[in-house]
Amino acid sequence: PKTDIVFLKVHKSASSTVMNILFRFGETHNLTFAFPIGGGNQLFYPHHFLARFVQGFSPERPQQFNILCHHMRFLQPEVQKVVSSSAIYFSILRNPVQLMESSFAYYKGASAFSRAHSLEEFLSQPYHYYNPASGDSHYARNLMTFDFGFNPNAEVSVKRVQLMLKIIEASFDLLLISEYFDESMVLLKETLCWDLDSVVSFPLNIRDSTTKSPLSDTTVEKIKDWNRLDWEIYTHFNRTFWERIDRDIGRERMQREVKALRERQAELARTCLQGTGSVAPKDIKDSSLQPLQHGNARILGYNLKQGLDKETERMCRRLVTPELQYSSALYKKQFPQKPP
């Protein structure tokens with residue numbers, strides 16, 4: 001199994017679920033994480049990543065960490081200072097249309113979105129609301145392009161798009177697609193030589209469907225247009241994703257693998273969860289499993305079954321622990337407080 005991993009956690013793309021998978025694997029195998037200085041959950045995002053943002057990194061005695069997976073704005077030469085040269089780099093992409101709809105709800109407080117009553121209103125005259133110079137403008141346009149380290153406001157020329165795709169292809173071993181999450185996990189498992197249980201997960205940081213709004217065809221086209229760079233990245237890597245499946249796995253075996261993954265997930269849900277799955281924030285009984293609520297989104301969580309034996313309880317708890325709580329627990333484990 002590969003244990004040196006860089007995951008570029010792209011916002012609002014099922015990346016919290018992927019992060020839980022990496023947290024569990026790292027914890028089980030006693031791996032080190034490249035944590036932000038002082039804990040926290042972002043590596044000084046939205047600045048481009050620098051090695052010195054990592055707790056315990058020092059240029060004099062460069063220490064390598066196994067897993068780098070907290071939010072960052074990608075800058076490969078700096079990333080290379082904190083991980084092994086053989087690390088596997090991967091990320092996950094999401095259709096920019098759904099990504100924009102999700103961002104508008106989640107980052108409602110961002111300067112570009114706060115004055116617009118609806119996504120449609122924002123898109124009808126984006127420059128009325130959007131100021132590229134404001135510090136949180138990246139949430140409102142070409143968010144994936146930004147997270148990969150590029151300029152989200154650059155003009156869209158064939159040459160620029162090709163260069164951008166070339167750079168991403170040269171930097172990353174694998175790009176997953178959140179709309180095909182189960183297929184993505186099978187591909188990840190193959191690439192990392194992990195077993196099935198290592199990539200099983202329950203969806204984390206997901207929104208209650210009541211806060212999601214259907215989009216008209218006109219709105220969809222406007223979103224693609226406004227996020228043209230993201231759209232180019234997504235369509236390109238959605239194509240290469242399926243090419244890779246055909247080349248490395250084949251559709252028939254992929255179907256079998258996905259079926260096995262879903263069956264295992266259902267089995268774990270029966271073992272671990274009260275009820276059938278996720279519940280509204282107000283119905284989460286254990287406050288330590290309460291996910292962060294943000295913007296206009298209602299983020300769902302889980303209740304664990306009562307009376308589980310110790311070992312099962314621990315396994316189940318890991319599967320449903322929200323990102324911030326899990327990150328902070330692992331940080332404390334890796335950097336125990338020295339007694340005064």
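1. The largest pocket of this predicted model is lined by 48 residues. Those nearest its centre are Lys-12, Ala-14, Leu-204, Asn-205 and Ile-206. The volume of this pocket is about 920 Å³.

2. Several helices take part in the lining of the largest pocket. At least two residues each come from H1, helix H3 (96-106), helix H9 (181-192), helix H13 (251-272) and helix H15 (323-334). Of the contributors, H3 gives the most, supplying four residues.

3. Enclosed space should be considered separately from the pocket. Two cavities of 30 Å³ or more are found in a search of the whole structure, and the largest cavity holds about 40 Å³ of space. Its lining consists of Pro-96, Leu-99, Met-100, Ser-103, Tyr-139, Ala-140, Arg-141, Asn-142, Leu-143, Asn-227 and Asp-230. Helix H3 again deserves mention: with four residues, H3 gives the most to the lining of the largest cavity, just as H3 gives the most to the lining of the largest pocket.

4. The sheet is open and has four strands, arranged in the order S2-S1-S3-S4 with parallel pairing. Strand S2 (67-68) and strand S4 (174-177) stand at the edges; each has a single partner strand, so one side of each is left without a neighbour in the sheet. In general, strands of a sheet pair through backbone hydrogen bonds, in either a parallel or an antiparallel manner.

5. Within the sheet, strand S1 (residues 5-8) pairs with strand S3 (residues 88-93) in the parallel sense, over four bridges. Phe-7 has Phe-90 of S3 as its bridge partner. Helix H1 (residues 15-28) packs on the sheet and touches S1, S2 and S3. The direction of H1 makes about 160° with that of S1.

6. A further helix to inspect against the sheet is H12 (residues 228-248), which lies across S3 and S4. Helix H12 runs at about 100° to S4.

7. Ser-198 merits a separate remark. This residue belongs to helix H10 (residues 196-199). Ser-198 counts as buried because its relative accessible area is 14%, and the limit for buried is under 20%. Its side chain makes a polar contact with the side chain of Asp-195, at 2.5 Å. When residues up to four places away in sequence are not counted, Ser-198 touches Ile-21, Arg-24 and Phe-25.

Notes. Residues are numbered from 1 along each chain as its sequence is written. This is a predicted model: local features need pLDDT of at least 70, side-chain atom pairs count only at pLDDT 80 or more; totals for chains, interfaces and linings use all residues. Side-chain values use heavy atoms; hydrogens and water are left out. Buried means under 20% relative accessible area, exposed over 50%, partly exposed in between (1.4 Å probe, protein chains only). A polar contact is a pair of N or O atoms within 3.5 Å; within protein, one must be able to donate a hydrogen and the other to accept it, and residues adjacent in sequence count only if both atoms are side-chain atoms. Contact means heavy atoms within 4.5 Å. Two strands pair if DSSP finds at least two bridges between them. Axes are lines fitted to C-alpha atoms, for helices over the stretch in contact, and angles run from 0 to 180 degrees between N-to-C directions. On a 1 Å grid over the protein atoms alone, a cavity is a set of points where a 1.4 Å probe fits but cannot get out, and a pocket is an open set with protein on both sides within 12 Å along at least five of seven lines; lining residues have an atom within 4 Å of a point. Grid points are joined across faces, edges and corners, and a volume is the space filled by probe spheres set on the points.
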